[in-house]
Every structure is written in C-alpha cells, then in structure tokens.
Amino acid sequence: MPPYTGVWTATEAAGTALGPYVYATVLALGGFVSTTGGRSVRQSHAAHLGLLLGITVVPAVFMAVAMACQRRCRLDRR
C-alpha cells in the first residue's frame with residue numbers, strides 16, 4: 001500500500017478537526033449572534049454574508065488548496 005493513504009487519512013482528520021473552528025471564526029468575523037432558549041435575534045447583513053461564505057466559498061477554497069497539494073502525489077510510478 002502506498003504511503004499516500006496515510007497522507008489522505010491525516011489531512012482528512014485535520015480537516016475534520018479544524019473545520020468547525022474555521023467556520024466559527026468566519027461567523028464571528030461576520031458578527032453572527034447565537035441565541036438560546038428559543039429567543040430570536042435579528043442578524044446583520046454581514047452575519048448573513050459570513051454564514052453564506054462559511055458554507056460555500058471557504059470549503060471551496062480549502063478543497064482547491066487540497067487538490068493543488070495532491071496533484072504532486074502520484075499513485076503510479078511515472
């Protein structure tokens with residue numbers, strides 16, 4: 001088995017561990033306010049934008065970086 005599988009597992013584990021922190025940071029930068037107890041809070045436009053970017057653009061950027069790094073790894077012996 002090539003060592004590539006270990007790299008895949010390590011990066012997947014790191015992404016799973018760090019992803020929520022990155023998403024929470026994007027929400028915090030946007031000014032998102034969480035609530036408890038069934039209360040409702042009016043979110044700002046920046047908070048809505050942070051929410052949208054956090055679930056669309058940020059994962060796409062991370063995936064593009066991961067794919068760029070993986071392009072260097074070959075599974076065959078060329």
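**A three-helix chain and its nonpolar patch**

At 47% relative accessibility, V61 counts as partly exposed, because that class lies between buried (under 20% relative accessible area) and exposed (over 50%), judged with a 1.4 Å probe and protein chains only. V61 is located in helix α3. The model is a predicted one, in which local features need pLDDT of at least 70, side-chain atom pairs count only at pLDDT 80 or more, and totals for chains, interfaces and linings use all residues. Residues are numbered from 1 along each chain as its sequence is written, and side-chain values use heavy atoms, leaving out hydrogens and water.

The protein chain contains three helices and zero strands, and its pattern along the sequence is α-α-α. Helices here are DSSP runs (H or I, at least four residues), as are strands (E, at least two), numbered from the N terminus. Of the 78 residues, 10% count as buried. The chain exposes about 6700 Å², of which carbon and sulfur atoms supply 67%; such areas come from the Shrake-Rupley method with a 1.4 Å probe.

V61 also belongs to a nonpolar surface patch, together with L49, L52, L53, V57 and V65, whose joint accessible area is about 480 Å². Two or more patch residues come from each of α2 (45-55) and α3 (57-70). Patch residues have over 30% relative accessible area and no salt bridge, and nonpolar side chains are joined within 5 Å; a salt bridge is a side-chain nitrogen of Lys or Arg within 4 Å of a carboxyl oxygen of Asp or Glu.

Attention now turns to a loop. Q43 lies between α1 (4-30) and α2, and its side chain reaches the backbone oxygen of V33 at 2.6 Å. Leaving aside residues up to four places away in sequence, Q43 touches G31, F32, V33 and H48, where contact means heavy atoms within 4.5 Å.

Terms used: Patches are made of residues with over 30% relative accessible area and no salt bridge: like charges are joined within 9 Å, nonpolar side chains (Val, Leu, Ile, Met, Phe, Trp, Tyr) within 5 Å. A polar contact is a pair of N or O atoms within 3.5 Å; within protein, one must be able to donate a hydrogen and the other to accept it, and residues adjacent in sequence count only if both atoms are side-chain atoms.
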